[in-house]
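Thanks, everyone. I have one structure to go through today, and I will keep to helix packing and empty space. Please have a look at it before I start.

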Amino acid sequence: NIVALKGRGMPPLASVADYPVLGPKREILTTSNAYDPRMSLYFADQKKLNLKIYTDPHEAYRFLRYDWLGEFDFKEEGDSWRCIEYMLSLLSRKTMCKDAGGKPFYIFVAQLSSSGKTALAKALYAAVVGRRLPISPSDFGDETEFKKNLFAIFLSSTPAVLFDNVARGHKVRSSNLEAATSSDEFEDRVLGASRRATASALTVLAAAGTNIEAGRDKPNRTLTIRLSPTTKTPQLRQFDKELHGWTLDHREEILGALQCFVKLSRKREDEPNGRFPVWNNVVGAPIIAAAKINGYKGDVFAEWQEQAEGEGTKDAEIDAVCEALLKFGDEWWRTSDLKSMIPNELDALFGTGKVNNDGEENMGVSEMTPVGVGHRLNVFSDYVTDRFKFVAEKRYDSNARKPVKMYKVIKLNEIPKG
């Protein structure tokens, strides 16, 4: 029997798929109960789908953008194309991009609450996988617990996870998240055991929140999908169709439209200039080609280029924060103290409290909660310039009666040697 063979003579098995995947000939495979030797992939039992054949990429895009997602107020057309990229990332994660050396992190964001961010992410996932999108807690502040959460997610091999309801105005920053998006594997200690293990980091990760953005080294690894509702009370808006059910009923058309795009001929210059060469070729290039054919004049990956050009140090801003803080004394200060004492300097550091390129005013420090300010300050913990060190440390607060993160400025010539 099979057990007695102990693997001898058995074909190699790399993974199991229970939803459609992108094959090596740029076709979307919906096989069921079969083994594909080209990818060492076994297709588990799944609903049989007969994909609609689209020969016109204009028709395919019109169906996706207007017939399906027409009730979402995208900030600009490029955001709808990034939705399509998200779905192609799901389709290729176990096949064409399984050894890609990383994949983008997605952010669903809007200026107002209840704008449809989570509903959009759920619809994209349901179209590909045929199930509801797994939702995970979104506390990026505790790296130890977040790493455990990430490892558990990867061990489960779930296709995608959404970190939902991220704190308003938060900069998504995590060294573990950076590691997860830069590799195909993730290592951690197994809970309850004195050993470490490695899991495949193929899950497509995303976050959703109001006025959130990528922080630290995440910007050029992130693709942002922005919604801009045309009403000031989006929570009162009614959708014309029950989106989840409609999506499941029209998966054959949705996946057929995606297949139309991945089969398009494209040129080398269609590949985006990003950190993920394999993903750029498999997912990025066909989307750029499809967007051009549909008359999109912008750059679907403009944020990568803009962020790369804008990279630099924050030494001058940190120096200004330190100088202003020293005027109040050589003390340890809580986040709430900084918020009230030096809001202007913090706004300059965070880039908040000013009108952005879209003519919209970002929330300033004075409008943020201390928790929101603390999240942003996490990026600059123990930041060192030529003149100062901005120290962050958990210390006992007699008012709160517990340890809280506090901040202090140290002049470099005051740091003891040795």
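I will take two helix pairs, then the cavities, then one pocket.

Keep in mind that this is a predicted model.

Let me begin with helix 3, residues 77-92, and helix 4, residues 117-129. Their axes come within 10 Å and cross at roughly 40°. Angles under 35 degrees would count as roughly parallel. At roughly 40°, helix 3 is therefore oblique to helix 4. The crossing of these two helices is right-handed.

Which residues of helix 3 and helix 4 make the contact? On the helix 3 side they are Cys83, Tyr86, Met87, Leu90 and Leu91. Helix 4 brings Leu120, Ala121, Leu124, Tyr125, Ala127 and Val128. By class, this contact has 11 nonpolar residues, with no polar and no charged ones.

The next pair is helix 2 and helix 8, the latter being residues 251-262. These pack at an angle of about 140°, and their axes are 9 Å apart. The cut-off for roughly antiparallel is over 145 degrees, so helix 2 is also classed as oblique to helix 8. Here the crossing is left-handed.

From helix 2, the residues in contact are Pro57, Ala60, Tyr61, Phe63, Leu64 and Trp68. They meet Glu253, Ile254, Ala257, Leu258, Cys260 and Phe261 of helix 8. What is the class make-up of the contact between helix 2 and helix 8? It has 11 nonpolar residues, no polar ones and 1 charged. The charged residue in that set is Glu253.

Now to the enclosed space. Rolling a probe the size of a water molecule over the atoms shows where empty space is left. How many cavities of 30 Å³ or more are there? The count comes to 2.

I will take the second largest cavity before the other, since helices 2 and 3 come up again there. Its volume is about 40 Å³. The lining is made by Tyr61, Leu64, Arg65, Trp68, Leu69, Ser80, Ile84 and Met87. Helix 2, residues 57-68, and helix 3 each supply at least two of these residues, and helix 2 gives the most, with 4. By class, the lining has 6 nonpolar residues, 1 polar and 1 charged. Some names recur: Tyr61, Leu64 and Trp68 line this cavity and also take part in the contact of helix 2 with helix 8. Met87 is another lining residue, and it belongs to the contact of helix 3 with helix 4 as well.

The largest cavity has a volume of about 90 Å³. Around it are Ser89, Ser92, Arg93, Cys97, Ala100, Gly102, Lys103, Asp184, Leu202, Val204 and Trp279. This lining divides into 5 nonpolar, 3 polar and 3 charged residues.

Last, the open space, where I will cover the second largest pocket. It holds about 740 Å³. There are 27 lining residues, and Gly141, Gly374, Asn378, Lys394 and Lys405 lie nearest the centre. Two or more lining residues come from each of helix 12 (335-341), helix 14 (370-377), strand 17 (388-397) and strand 18 (402-411). Which element gives the largest share of this pocket's lining? That is strand 18, with 5 residues. By class, the pocket lining has 6 nonpolar, 10 polar and 11 charged residues.

That is the end of my part.

Methods:
Residues numbered from 1 in each chain as written. Predicted model: local features only at pLDDT ≥ 70, side-chain atom pairs only at ≥ 80, totals over all residues. Heavy atoms only, no water. 1 Å grid on protein atoms, 1.4 Å probe; cavity = no way out; pocket = protein on both sides within 12 Å on 5 of 7 lines; lining within 4 Å. Points joined across faces, edges and corners; volume = space filled by probe spheres on them. Axes fitted to C-alpha atoms, helices over the stretch in contact; angles between N-to-C directions. Parallel < 35°, antiparallel > 145°, perpendicular 65-115°, else oblique. Left-handed = near helix turned anticlockwise from the far one by under 90°. Contact = heavy atoms within 4.5 Å.
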